[in-house]
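Me: I am new to this structure and would love a close look at one part of it, the aromatic rings and how they pair up. Could you walk me through them in a connected way?

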Amino acid sequence: MTEVRNPFADPLRFERRVPECAIVIFGAAGDLAKRKLLPALYRLAYDRRLPASFAIVGNSRTPMSDEDYRSRMLEAVKQFSEDGAFDEELWKRFAANLHYVAGDVKDPQLYVALREKLNTIGQANVLFYLSTQPSYYEVIVDGIGHSHLSAAPEGAWRRLIVEKPFGHDLGSAKELNSRIHAVFREEDTYRIDHYLGKETVQNILALRFGNGIFEPLWNRRYINHVQITAAESIGVEGRGGYYQEAGALRDMIQNHLLQVMATVAMEPSAVFEPNAVRDERAKLLRSIKIMRPDEVDQYAVAGQYKGFRQEPGVNPDAQTDTYAAGTFFVDNWRWAGVPFFIRSGKKLPKRVTDIAIQFNQAPLALFGNAPGSGDGEQKARPNLLILRIQPEEGISLLFLSKEPGSGMRLRPVSMDFNYGTSFGERSPSAYETLLVDAMVGDPTLYTRQDMVEASWTVIQPILENWNNRRFDFPNYESGTWGPAEADAMIAKLGRTWRNS
Amino acid sequence: MSTTAVQPERILKDLQQLWAQMAVDQADAGGVLRACAMTLVVVAENAADAEHVRQTVGVLMHNHPSRAVILRPSGDGGSGAELDARIFAECWKPFGKTQQICSEGIEVTAGRSGFAEVAKFLVPLRVADLPVVLWCRGTHVFASGAEPGPLQPLFPLADKIIFDSSEVVDADSALQFLRRLRGRGRRVADLHWTRLTGWREVLAHLFDDRALQPSEVTGAQVTFGGSSVTTCAHYFAAWIRTALPAVRVSIGSGDGPRGLHSVKLFTAADSLTITLGSDHCVEVSGCGRHYRSMLPSSSEEALMQEELGILGPDPVYERVLTA
């Protein structure tokens, strides 16, 4: 069908509009739905971004009436809404379109009940959201397929959002993709990686491709290395059961951080269109050098904090990596030889996610021996461009400046851009952005099948190595920056972690 | 706030001192962060208006932190100092944060020597390398017609000039004025166009939803209230014409207060009307649709927020203005 351009469109002034649709959330009583999805949807309603007839159908096994579900979600929205934005009248209108269907996802009758509910609501466009345990994904997709819920009437759409993890290794990811494709086309499949919905991650593209000064430096000639850190100060916080099966490598690096790395390192796309941007991300992921089995010990480090095995639901002998670090290289002309150090861990000294791009030092330490220069801070310092993803989203550039006074004493100073202050308006949460994108049919910030498989391919040798060995865990204390082996890994390449 | 002698250098120095003092005063309370993304110059109509502007600017700064320069005509016909100025800071604390974010402002009182002096005075007060937006309040600016008006010297300083033609009696000459400025390369905006965003969005959505196909529309009628045609009626009609060049669009008057009352689109077999309803809503009826849609806020703050969000070209408005 040829899309007719709306001659009245005014994208500068009109908000992207969510079409009339319903969203069916599987796992609707779960943590993600309560903490993220319902607050995000409510916020979209609060900002008048949803059509009045927009409907939500929640599903979980717990028997509940629509009213019970509304009451539960009201609490969740009040508790987890950002900025505490809440309007009683708006909630009443929002809740009137909030429905609930109890049932086991393995039971075919559930899908019959969902069909009836959707017929009653009368929405032709339906977005299915898999917010359950990953082990149910295939069952639910099959259920949707068998019940023909995936078949949209003429001119309407049916889409599927899948939460990570997309499989637990390359083989299972391929299997999941193939099961999904038996029911949904790839263009109707939205694999959500909420990191890509974060304003600051999107801003990497703006920084790189909207400005003229960075791109000429964005290559092996000027960049010494890149550090990507996602540190959490908390532990598994009651998610021990899930986490011990996942670990930091699968939970963070395989998806979020490799996607961030791809955004930092990808080539510019010719146009800013969904598949053009995703093609470049996918190309970058495919260009990451795959570690040989004998390289894994040199380039990857696993860690586990002291006390993890005592967490509720955790096997006392668990080999889970609560910390993972890796050194990755990109085999292309732009990045050949530039190491990308990626690490993620729990119980680290602070919660921070950032990307530090370290530039090469000036070729000559002109001020190193200046009279009165002293030492310490005076030593040549490389320039650092830091993209802060959370908290305090923003960008900082570290460079050297002369200290006031006689002599030529240099001191590192920071030039900061802070999202919250330069743009006073509130940034939408990643889930708000991504939900709207899925409803309007824009997959730019979603992960495509080839991207998922490429990132599993990168991780697979590490997984295989780690699955076949016993670590001497625990190997790091809570409140430290991870195991000593991670420091040794980066030191072998003549670099040090930026632990600040 | 402090009153200062009127050299720009002195004002800038006073601002520096103000920030240094605030940093000291707030050191134990989370500190202050000075934010600035543009220079916003506002020409108030009179002293009372300047007070109102000060409040509006305070609201705008949350989303568009800026150095605000409020130009206030002196009420005494110009006796005493020709130019006088005082500085102020506008601070707010984002939700959940301890650090205050502050923007700075300068209130300039201008006497009889007029705005030629003011323009020279403003040059060093602009924040270097950031956009300058000039907001000319009131309708007197349109009165100059083809003649260079008193505000003319300020126009070259601005990257964007915002007017409001809502109270203008002679809509044609107001539009001519804006077109002339545009023709001279000035980027202009009109808050009376901004007021139409909600209406336009409702109409555009009808085409998104395929309630109507562009090719089905055979005619359109824009109806306004009040005794004379308003710029918004002209704008809306021109917008439809630029979107559907083959469609004949007429403008008619109706009963009721000034402003846009309804827009009707005709097809061969049916028609669809968007009518201003109660409670700041519009009602859509026809072509199988019948619903109400709430219009966005049309407060001055909301309109300015929208305009300050567009500092580059605004192709739709520019097409409409020159249509």
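Reply: Happy to take you through the rings. Please keep in mind that this is a predicted model. Searching the whole structure over all chains turns up 30 aromatic pairs. A pair of aromatic rings is described by how far apart the centres are and by the angle of the planes.

Let us start with Tyr42(A) and Phe94(A). Their ring centres are 5.6 Å apart and their planes stand at 90°, so this pair is edge-to-face; planes over 60 degrees apart count that way. The pair links distant parts of the chain, with the two positions 52 residues apart. Tyr42(A) belongs to helix 1 (residues 31-46) of chain A, while Phe94(A) belongs to helix 3 (residues 88-96) of chain A. Are these two residues buried or exposed? Tyr42(A) has a relative accessible area of 1%, so it is buried. Phe94(A) has 9% relative accessibility, so it counts as buried too.

Now set beside that the rings of Phe471(A) and Phe473(A). Here the centres are 4.7 Å apart and the planes meet at 10°, so the pair is stacked, as planes under 30 degrees apart are. Phe471(A) is buried, with a relative accessible area of 12%, and Phe473(A) is buried at 6% relative accessibility.

Rings can also join up into a group. Ring pairs link Phe8(A) with Trp199(B), Phe207(B), Phe236(B) and Trp239(B) in a cluster, so if you follow the letters in brackets you will see both A and B among its members.

One ring of that cluster has a further neighbour to look at. Arg200(B) lies over the face of Trp239(B), at 5.0 Å from the ring centre. You can find another such arrangement in chain B, where Arg54(B) lies over the face of Phe88(B), at 3.8 Å from the ring centre.

To recap, you have now seen an edge-to-face pair in Tyr42(A) and Phe94(A), a stacked pair in Phe471(A) and Phe473(A), and a cluster that includes Phe8(A) and Trp239(B). For your own tour, try turning the view until you look along the plane of one ring in each pair. With Tyr42(A) and Phe94(A), look for the 90° between the planes; with Phe471(A) and Phe473(A), look for the 10°.

Technical notes
Residues are numbered from 1 along each chain as its sequence is written. Chains are lettered from A and ligands numbered from 1 in the order in which they are written. This is a predicted model: local features need pLDDT of at least 70, side-chain atom pairs count only at pLDDT 80 or more; totals for chains, interfaces and linings use all residues. Side-chain values use heavy atoms; hydrogens and water are left out. Rings of Phe, Tyr and Trp (its six-membered ring) pair if their centres lie within 6.5 Å; planes under 30 degrees apart count as stacked, over 60 as edge-to-face and the rest as tilted. Helices (H or I, at least four residues) and strands (E, at least two) are DSSP runs, numbered from the N terminus. Buried means under 20% relative accessible area, exposed over 50%, partly exposed in between (1.4 Å probe, protein chains only). A charge sits over a ring if NZ of Lys or CZ of Arg is within 6 Å of the ring centre and within 35 degrees of the ring normal.
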